[in-house]
Amino acid sequence: MERYDLALIGFGGVNRGLAELIVQRGDDLAHEMGFALRVVAITDLRAGSLVDNNGIDLVPLLATEPHAMSFAGLTGGSADPRNEWVIRHVPSDIVAEATYTNPIDGEPAVSHVRWALESGKHVCTTNKGPVALAGQELKALAAEHGVSFEFEGSVVSGTPILRTAQRLFGGLQIEGVQGILNGTSNYILGRLADGLDLQAATAEAQERGYAEADPTADLEGHDVQLKVMILASEVLGAELSREDVSCEGISALTSTEVQDAASKGLHWKLVGSAKRRADGTVDARVAPQALPAHHPLAGIPGAMNAVAFDTDILGTVTVSGPGAGRLETAYALLSDIIAIHERHHASGSGAPAHRVLQEALRD
Ligand SMILES: NC(=O)C1=CN([C@@H]2O[C@H](COP(=O)(O)OP(=O)(O)OC[C@H]3O[C@@H](n4cnc5c(N)ncnc54)[C@H](OP(=O)(O)O)[C@@H]3O)[C@@H](O)[C@H]2O)C=CC1
Ligand SMILES: N[C@@H](CC=O)C(=O)O
């Protein structure tokens, strides 16, 4: 049985969700996919770091209230996150990066991913910063070191938007994409339609684990801006900067406006889009739109998201599913790990070369 040792960087909603999936589904996964997962290191700004080369017992950690979590008193624990040391020096096969998304320069997550790839470790991440703001550099680094850089959860959480486009749209020309790409803002717009004010609706979205650490990124469209950049790169092959994507959020909309629109059959949605122009350049934007009921994105409720792909042969193909949520997003990391396994299994090298060497030396 093949086994992958994981280092979890950030132990908030998403990476705790991954730990839960490993505890609850690990045996089924091993049976179905032919590999086992073991967590050998966790780092977190608040909790510190925890290392056990024989595998951390996740059950007591998951039983601990997140805000009360501290690794300092545990064997192999420290109050200091020690991210760089853990990523570079603790023997692991896959680094799961799920710290906060910084929409300005992507740090510290860009460095976390860079350290892992330089150390010959595969990376899976749900963090939009490194993908949108340093994706080309990090993909090149992964290729140079013969490892994978996977980021399905960076767009539409666990719903497989990027793999659908890459694996299932062969032979199609995609001329543009438009989507509801932020679960928090979509949830908030729904609650404004129910009569809540912005503050109360935002608090609910935070409570449900949908919002960013700083929900300004959800409300002002910055989160969608990064996702549009990722989609433009992955689907249209266009490398855009933040300045290339005009951006307006939903914070100016009131409950009254949303309810008035609804009475006229219009649904306010925060729409992100990237469309190829006739001259080959890409028009990319984020803005709230009052959509008529027949529009493919108009009926997407709550924290659901949807992406409508504009294709040459099939016309519009719309994929919809959860766009936020801890377990939903943790599933994206699991799907990345499955992709890593499939790719490297197919190429005959499940674990990166340095791990094979370390195992051989250990035995
Ligand atoms: N939740 C969701 O629905 C989705 C989330 N994502 C992305 O996934 C990532 C994780 O999201 P989520 O788990 O919800 O966020 P959380 O805020 O719940 O968790 C992030 C964790 O990372 C910790 N952290 C922050 N900076 C560092 C650092 N430098 N070193 C170590 N740990 C650090 C935080 O500690 P502290 O709390 O002390 O700051 C926190 O515990 C984010 O980038 C988010 O944008 C993507 C898709 C959906
Ligand atoms: N805050 C984001 C989380 C996923 O990217 C959202 O609400 O969509």
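How many residues of domain 1 are in contact with domain 2, and how many of domain 2 with domain 1?

## Two domains and where they meet

Here's the count: 17 residues on the domain 1 side touch 22 residues of domain 2. Keep in mind that what you're looking at is a predicted model. The protein splits into domain 1, made of 2–157 + 326–362, and domain 2, which covers 161–322. Measure from C-alpha centre to C-alpha centre and the two domains are 28 Å apart.

Who does the touching from domain 1? Helix H5 (128–145) and helix H12 each put at least two residues into that side. H5 gives the largest share, with 6 residues. Sorted by class, the domain 1 side that touches domain 2 has 6 nonpolar, 7 polar and 4 charged residues.

## Ligand 1, between the domains

Now for the first ligand. Both domain 1 and domain 2 give residues to the shell around ligand 1, so this ligand lies between them. There are 30 residues around ligand 1, and those that come nearest are Gly 10, Gly 12, Val 14, Arg 46 and Ala 324.

Some elements of the fold show up in this shell too: helix H1 (13–33), strand E2 (35–44) and helix H12 (326–346) each supply at least two of its residues. So H12 turns up in two places, in the shell around ligand 1 and on the side of domain 1 that touches domain 2. As for character, the shell around ligand 1 divides into 11 nonpolar, 14 polar and 5 charged residues.

## Ligand 2 and its neighbours

Which residues sit around ligand 2? The list includes Ser 157, Asn 182, Gly 183, Thr 184, Tyr 210 and Ala 211. Also around ligand 2 are Glu 212, Asp 218, Asp 223, Gly 323 and Ala 324. By class, that makes 3 nonpolar, 5 polar and 3 charged residues. Ala 324 may ring a bell: it is also among the residues that come nearest to ligand 1.

## Strand E3 and its two partners

Strand E2, which helps line ligand 1, forms a hairpin with strand E3, with 3 residues between them. The two run antiparallel and are joined by 4 bridges. In one spot, Thr 43 stands opposite Ser 49 of E3.

E3 (residues 48–51) also pairs with strand E4 (residues 77–78): they run antiparallel, joined by 2 bridges. Here Leu 50 stands opposite Gly 77 of E4. Is E3 covered on one face or both? Both: Gly 48 and Leu 50 are buried on one side, and Ser 49 and Val 51 are buried on the other. That split fits a general habit, since side chains in a regular strand alternate between the two faces of the sheet.

## An open sheet with six strands

Further along the chain, 6 strands make an open sheet, in the order E9-E11-E10-E8-E12-E13, with mixed pairing. At the edges are E9 (245–247) and E13 (315–322), each of which pairs on one side only. From one strand to the next, the twist averages 25°.

Edge strand E9 runs parallel to strand E11 (residues 282–292), and 3 bridges join the two. One such pairing has Ser 246 with Arg 285 of E11 as its bridge partner. Helix H11 (residues 255–263) packs on the sheet, where it touches strand E10 (266–276) and E11. The direction of H11 makes about 90° with that of E10.

Key. Residues numbered from 1 in each chain as written. Chains lettered and ligands numbered in written order. Predicted model: local features only at pLDDT ≥ 70, side-chain atom pairs only at ≥ 80, totals over all residues. Near = placed C-beta within 6 Å. Nonpolar A, V, L, I, M, F, W, Y, C, P; charged D, E, K, R; others polar. Pairing = 2+ DSSP bridges. Axes fitted to C-alpha atoms, helices over the stretch in contact; angles between N-to-C directions. Contact = placed C-beta atoms within 7 Å. Domains from an automatic or database assignment. Buried ≥ 20, exposed ≤ 12 C-beta atoms within 10 Å, placed from the backbone.
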